[in-house]
Amino acid sequence: MRLEYVDGGSAKFWEGERSGAAVTVRWGRIGTAGQVKARDFADDAAARAFLDKQVAEKTRKGYRETGVRPLEPVAEVRSAEPEPVEHDEDAFALSPGLAKQALPRRDRDPAKRRPDPKAEAAYDEFLLRYRKAVDAALTNPRTEPALRDAAQRYLAGDRQPLGAAAVAAAIGLAQGWQGRDALDVVGKGWVARHGVVFAVQACADLAAVAGQWESKAPHLRLRRPDEGLGSHWCGELAAMKVRSALAVADESAADALAERRATRAQRVVAAFLEPTETAWVDEACAEATGESASENMMLMCAVSTAAQFERIAPNITTWEFEREPRTLATLVAGVGPAIAPHLAGFLRNGSAEFTRKLLGVLAELPTDEAFDLLLDRIDEKYVQPVLLEAMKRYPQRAVRLLAARKGPRRTPCCARTWSATPTSTSSWPPTPPRSSRRRARRSGGCPTPPPTPCPTCWSPRPGSGRGRRSGGSRSPCPSRSAPNSAGPRASRRSGPRSRSGSATTSARRPGRRRSRASRPAGPSTTRPSTSCSAPPRTSSARCSPAGPRATTGTSRAGAARCSPATAPTPCPA
């Protein structure tokens, strides 16, 4: 009997055959010989019961009978190894993380939008919750009559884009700038109930409506022709939802925006909703004043070229990127790799999280300019891990640009990556195994960093007056790690030491643990050095250009340093 189980990536078989009191079982992956196991029982009944039990267990697990087949070994089928695919290092494609955050565009092959079946019900509940706030704004005598009439007709069931915009503006005025995220429901509700064309018109009309508080009473008014959106426009998230629906709609929906571009605020929103209209985007960028964070964010999501971004770049700060995470991904998707030099100017002005995110974006851009920007900042914080990822992603570019900078002599980070990078990258996978890199280094196929002079000991900066416990920087010293003739702990057995480095016979402080230095001094065992000619390091001698010198009675701040003249030489053996 043969049973098979095929589900997803699993394809297994199980075969059983009884010959008297002996049972032979074979199992494994389909297409292979599998494993064979034979078992003898006391009588035929026990063998039959064992085989029936095994079949029942396999059936419960999902195995299905395919017939009886002989138990001859099946030749193993080996799939041909796939040929190495040449990686195009000049092709630009957003990573899955950035592509998910970027707002869709009509010219960037947007993904198909899935309608939300609960959007209309959520919109009705949202209007009911804020009905009192809407009525308070509409009943205010300062509210313009045109907005009041349009909003009342919309609430009564009439399809009025201006009325829908007035209701949304009243809700945003009641919530304040901190509650602007709630209008996300408004954008989805417009699309779900009235369609994309109505949603586009209502979103443009919302840019023409402004709300104000006077004498603790809200009222609505129409914006002036030269007035902007203000510091925090309440319709940002609603416009994002409308843009997502407009990107997959037909051209007739985009034509509805042409009639609603009378004010400067409406022109900014029209450029944001339809970024493929380059003339609209150029006009909005030329009129930008930089006074509104909402306008700066929307214009960055609308630009398509580096020249358009240069017009608004003086008005942009890191705040526009950090307040809305989707801005950076949308900007990179719209402009492409040409945005690299402009993004580098924001590296030192943002938070740590934003700096790491910005560096990650530069590492994904497939240009020499973006790679050079990372190399120029290799000594800055957060850059080296990102640079290593860029080298793995673009190995050919890494070899070429590092060679132009004299390879590993640039920094230790470049040296480690250079030593792990083969000289020929025509068919090299992005991440070679560790064994291959080790063999390459042993065979001399990869350049290795040249020997460096003896680094400084762990000592404070000259003239800083700071000792070992208060600061300073550590760098390894060969004379410290090499075995010496005085033994590993001989300098501590000679007697107690004071904080200044000199020997003393004062009693230990009460309440502290007994240190090794307070133990009775005795003859120390020495071991001659045979592997390094470095002079022994004791408590009273350090490396200096003139040789060991005593430091008794001096602080650690006055310790000498190692120099290339006194660097220990390796043992000839």
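Modeller: Two strands count as paired if DSSP finds at least two bridges between them. The model discussed here is predicted.

Biologist: Which residue takes a positive phi in the hairpin of S6 and S7?

Modeller: Strand S6 covers residues 209-214 and strand S7 residues 217-222, and the two pair in the antiparallel sense over 6 bridges. Within that pairing, Gly211 stands opposite Leu220 in S7. The hairpin has 2 residues between its strands, and the positive phi, near 55°, belongs to Ser215.

Biologist: How many residues lie between S3 and S4 in their hairpin?

Modeller: Strand S3 (residues 22-29) is antiparallel to S4, with 6 bridges between them. Arg26 faces Val36 of S4 in this pairing. In the turn, Gly31 has a positive phi of about 100°, and the number of residues between the strands is 5.

Biologist: How many of the 6 residues of strand S4 are buried?

Modeller: A residue is buried if its relative accessible area is under 20%. Strand S4, residues 35-40, lies largely in the open because the number of its residues that are buried is 0.

Biologist: What share of the residues in the chain is buried?

Modeller: The secondary structure of the chain comes to 25 helices and 7 strands. Among contacts between residues at least 6 apart in sequence, 64% join residues at least 24 apart. Of the 573 residues in the chain, the buried share is 41%.

Biologist: Is Val134 buried or exposed?

Modeller: Val134 is in helix H4, residues 131-138. Leaving out residues up to four places away in sequence, Val134 touches Leu155, Val167, Ala170 and Ile171. The C-alpha atom of Val134 is separated by 8.8 Å from that of Ala169, 35 residues apart along the chain. With a relative accessible area of 2%, against a cut-off of 20%, Val134 is buried.

Biologist: Which side chain of opposite charge is nearest to Arg148?

Modeller: Arg148 is found in helix H5 (residues 145-155). Beyond its neighbours within four places in sequence, Arg148 has contacts with Leu138, Asn140, Pro141 and Thr143. A salt bridge needs a nitrogen-to-oxygen distance within 4 Å. Arg148 is buried and has no salt bridge; at 5.3 Å, the nearest side chain of opposite charge is Asp149.

Biologist: How far apart are the closest N and O atoms of Arg193 and Asp124?

Modeller: Side chains of opposite charge can pair when their charged atoms come close. The side chains of Arg193 and Glu120 meet in a salt bridge, 3.2 Å from N to O. That pair links distant parts of the chain, with Arg193 in helix H7 (residues 184-194) and Glu120 in helix H3 (residues 119-129), 73 residues apart. Arg193 also forms a salt bridge with Asp124, and there the closest N and O atoms are separated by 2.3 Å.

Biologist: Which helix holds Asp124, the partner of Arg193 at 69 residues apart?

Modeller: At 32% relative accessibility, Arg193 counts as partly exposed. Asp124 is also partly exposed, with a relative accessible area of 32%. The pair links distant parts of the chain, Arg193 being in helix H7 and Asp124 in helix H3.

Biologist: With which residue does Asp376 form a salt bridge?

Modeller: Asp376 is partly exposed, at 46% relative accessibility. The closest N and O atoms of the salt bridge are 2.8 Å apart, and the partner of Asp376 is Arg405.

Biologist: How many residues apart are Asp376 and Arg405?

Modeller: Arg405 counts as partly exposed, at 26% relative accessibility. The salt bridge of Asp376 and Arg405 has its closest N and O atoms 2.8 Å apart. Asp376 is in helix H19 (residues 368-376) and Arg405 in the loop between helix H21 (395-404) and helix H22 (412-419), a spacing along the chain of 29 residues.

Biologist: What is the count of salt bridges?

Modeller: Glu89, Asp90, Asp368, Arg397 and Arg400 are linked in a network of salt bridges. The count of salt bridges comes to 28.

Biologist: Which helix gives the largest share of the lining of the second largest cavity?

Modeller: There are 2 cavities of 30 Å³ or more, and the second largest has a volume of about 40 Å³. Residues lining the second largest cavity include Pro104, Arg105, Arg243, Leu246, Ala247 and Glu274. The largest share of that lining, 3 residues, comes from residues 236-247, helix H9.

Terms used: Residues numbered from 1 in each chain as written. Predicted model: local features only at pLDDT ≥ 70, side-chain atom pairs only at ≥ 80, totals over all residues. Heavy atoms only, no water. Helix = DSSP H or I, 4+ residues; strand = E, 2+ residues; numbered from the N terminus. Buried < 20%, exposed > 50% of the residue type's maximum accessible area, 1.4 Å probe, protein only. Lys, Arg positive; Asp, Glu negative; His and termini not counted. Contact = heavy atoms within 4.5 Å. 1 Å grid on protein atoms, 1.4 Å probe; cavity = no way out; pocket = protein on both sides within 12 Å on 5 of 7 lines; lining within 4 Å. Points joined across faces, edges and corners; volume = space filled by probe spheres on them.
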